[in-house]
Amino acid sequence: MTDSDNHGNAALAESPVAGIDQSVGDFKYDVKYDFDAGTGLSERTLHYISEAKQEAPWIREFRLNALKTFLAKPLPTHWASRDLENINFDKIRYYLAQGQKPKRTWDEVPADIKKTFERLGIPEQERKFLAGVEAQFDSEAAYSNIKEAVSKQGVIFLNSSEALKTHPEIFRKWFGKVIPTSDNKFSALNSAVFSGGSFIYVPPGVKVSHPLQAYFRINAENFGQFERTLIIVDEGSEVTYMEGCTAPKFSTSTLHSAVVELVALKGAKIQYITVQNWAPNVFNLVTKRGLAHEEAEIKWIDCNIGSRLTIKYPGVVLRGRKARGEVISIALANDGQHQDTGAKMVHAADETTSTIVSKSISVGQGRATYRGLVHIPRHLKGCKNNTECDALLINTNSRTDTYPAITVRGQDHAAQHEASVSKVSEEMIFYMQSRGLTEAQAMSLAVNGFVNDLVRQFPMEYSVELKRLIDLEMEGSVG
Amino acid sequence: MSQLVIQDLHVAIGDKPVVKGVSLTINQGEVHAIMGPNGTGKSTLAKAIAGHPDYTVTAGEVRLDDRPLLEMEPDERARAGLFLAFQYPSEIPGVTIANFLRAALQARLGESAELDATGYYKKLYEKMDLLKIDRKFTSRAVNEGFSGGEKKRCEILQMALLEPRFALMDETDSGLDIDALRIVADGVNKLRSSALGILLITHYQRLLNYIVPDYVHVMYDGRLVRSGGKDLALELEARGYGWLKKELAHA
């Protein structure tokens, strides 16, 4: 919007994963929408979406039921931030699209949308290190493609809207099974108006060597993005999925409310990496959960930077013996932002293991909240949980809260919980300054050091970018 | 040739005056030692010159050549060629020595230029070889879990790489056993050159057996009360600080 194209290209050239730098995401090109469900939410909205997508009747029913659930459920303000009350559901546009069918080549993507993704560096990343890419623009994917070598292995990677049509048998079997419509108010909202998101199916014994990536771009003002992602990894298979998100900075608020369901069948491994960098006007209310069968492993790497309010606790239901779940989460709350993040681990079989490592950084008046739920019931044997949450406060008025809820019943389990709150001390900053680093550079380095052990677990392309982003966020934090 | 000029410097901690008028000129290539009993303002002098926020300069000035240091931020002073070796260096969890020093050198280049990584490591390893420091050392987080001796060697390594024109060494010998002291002193001696002026702050004479100063100053109650050659240190060693107190009380 304000940045010149030159700036965008320069950033693009040095950044393998663009869209993480907030100034890079803060631009908007005018786009003409052929499909617009209008403002506000009613049954008519759902009929409009269903007709635009030419959906099967069961999906329309699913949506209509979900709307009832959404309307019946109160906002969870008895525990969550009252800022939720500032979302005006009647002022939001629930479906905006140019069309429903994503293009398979960038050349076919309409120019006005294509230049957005080019500026964010998506086609370039695809060439460099990805096995497949889906690029969603507001409600629908503009582009979706998988490398031939990967699709030949039988891997399906499609936009959810498409997959519902082409693979209803797999989709319907798992859809809404990990996260039921009624899980919470926002999962119900998503179930009513969902559009876009990714569908992945990896057949047995296939290890996808490169990551699949989705990029979620909000372009329109007063808009809500409600993608729905479903990933099923069959026995003994492995996949890494990465998602990035940006939106331009509007004066009004934007809503992003996704539902992500993962299913790891026996011995499968899923790694799901999120680097979100929403503009500070975005309400980001996301439900993410995975179901791990016997000896399967689900790992969420969740990095939350930006947004006005994020509420998100990636979870794993450990349903099979020896299943493993892991959540690694980094949250950075700057002035005016509230990152309410954490993890849920539900042990439902013997010898299951879960690990939660959460690090949050509060800058200025930013607020970071950790909420963790670990549940190990009485009838199980040999379960383990290790929870570690560390908070770093940058300024004296920064705030952090920790709400761990760990229920371990029965014998023969091991649960460990460690929490720490630290502050960047004046002494440490002076020490770094006395070596020639500016105060802001010193702050950045302290913060990068704090999250360093977690960032190392990110793929290289993301960790470099994450460091750059932290530097940018810290620049405004002093003096 | 550069000069570090301290002129009638007064420093307070809160409302309490600690340094009460210190004047001293250090030329590049010279080693000055400041000795004195505990609590006489030696460390305060060093930290105030480096710009520690807890210390208030109430009068006087410090110039590095023609640049007024006291008007500069601590990091600007460092980039101008000043270095403070800390008595108690801070830990920086998660940041390796190699990355820390790289950031410090990058800060000297500004935003437009990118530090040459190959050249950087070449130089880092040269300095480590010079100081006989194991290569593995720089992959450890800065001062985290270091012994007293390791912390001081880390300071000397930083000094070697950042190549200041003037180094203030604050109680570099404190907390070191004799072996560690010798290693650290060897390091400092290797860095001695016509391009480096050193202000060595110490409580004990023993450091000066290893790092032989050109000038020795005695600090007492916030002032430099005696100045002389390296023999002055030996005199202090022989007679203790007690006679000074008496003499000054009579004066």
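1. Let's start with a strand worth finding in your viewer: β13 of chain A, residues 269-278. Nine of its 10 residues are buried, so the rest of the structure largely encloses this strand. Keep in mind as you look around that this is a predicted model.

2. Which strands pair with β13(A)? One of them is β10 of chain A (residues 238-246), which runs parallel to β13(A) and is linked to it over eight bridges. Within that pairing, G244(A) has V275(A) as its bridge partner. Another is β16 of chain A (residues 297-306), also parallel to β13(A), with 10 bridges joining the two. Here you can look for I273(A), which stands opposite I301(A). A handy reminder: the strands of a sheet pair through backbone hydrogen bonds, in either a parallel or an antiparallel way.

3. How sure is the predictor? The model has an ipTM of 0.96 and a pTM of 0.85. For chain B, the average pLDDT is 93, and 99% of the residues score at least 70.

4. Next, the nonpolar core. The largest one holds 214 residues, and those with the most contacts inside it are I200(A), V233(A), L262(A), A264(A) and L168(B). Helix α12 of chain A (residues 439-455) is the element that gives the most to this core, namely nine residues. To see one member up close, pick V233(A): leaving out residues up to four places away in sequence, V233(A) touches V202(A), V239(A), V263(A), A264(A), L265(A), A268(A) and I270(A).

5. Now turn to chain B, where four strands make an open sheet. Their order is β2-β1-β4-β5, and the pairing is antiparallel. Why do β2 (16-27) and β5 (67-68) of chain B each have a side without a neighbour in the sheet? Both stand at the edges with a single partner strand each, so one side of each is left free of a sheet neighbour. Strand β1 of chain B (residues 3-13) pairs with β2(B) in the antiparallel sense over nine bridges. In this pairing, I13(B) stands opposite K16(B).

6. How do the chains meet? There are 18 residues of chain A in contact with 22 residues of chain B. On the chain A side, the elements that give two or more residues are α11 (426-433) and α12. The largest share, seven residues, comes from α12(A). By type, the chain A side of this contact divides into seven nonpolar, seven polar and four charged residues. Notice that α12(A) has appeared before, as the element that gives the most to the largest nonpolar core.

7. Is T400(A) buried or exposed? You will find T400(A) in strand β24 of chain A (residues 399-408). It has 21 other C-beta atoms within 10 Å, and a residue counts as buried at 20 or more, so T400(A) is buried. Setting aside neighbours within four places in sequence, T400(A) is in contact with S360(A), S362(A), A368(A), A391(A), L393(A) and V421(A). The partner A368(A) is 32 residues apart from T400(A) along the chain, yet their C-alpha atoms are separated by 4.8 Å.

8. Finally, visit E71(B), in the loop between β5 and α2 (74-79) of chain B. Residues with 12 or fewer such neighbours are exposed, and E71(B) has 10 C-beta neighbours inside 10 Å, so E71(B) counts as exposed. E71(B) and H32(B) are 39 residues apart along the chain, with 24 Å between their C-alpha atoms.

Methods. Residues numbered from 1 in each chain as written. Chains lettered and ligands numbered in written order. Predicted model: local features only at pLDDT ≥ 70, side-chain atom pairs only at ≥ 80, totals over all residues. pLDDT = per-residue confidence, 0-100. Core = buried A, V, L, I, M, F, W, Y, C linked by C-beta atoms within 7 Å. Contact = placed C-beta atoms within 7 Å. Pairing = 2+ DSSP bridges. Nonpolar A, V, L, I, M, F, W, Y, C, P; charged D, E, K, R; others polar.
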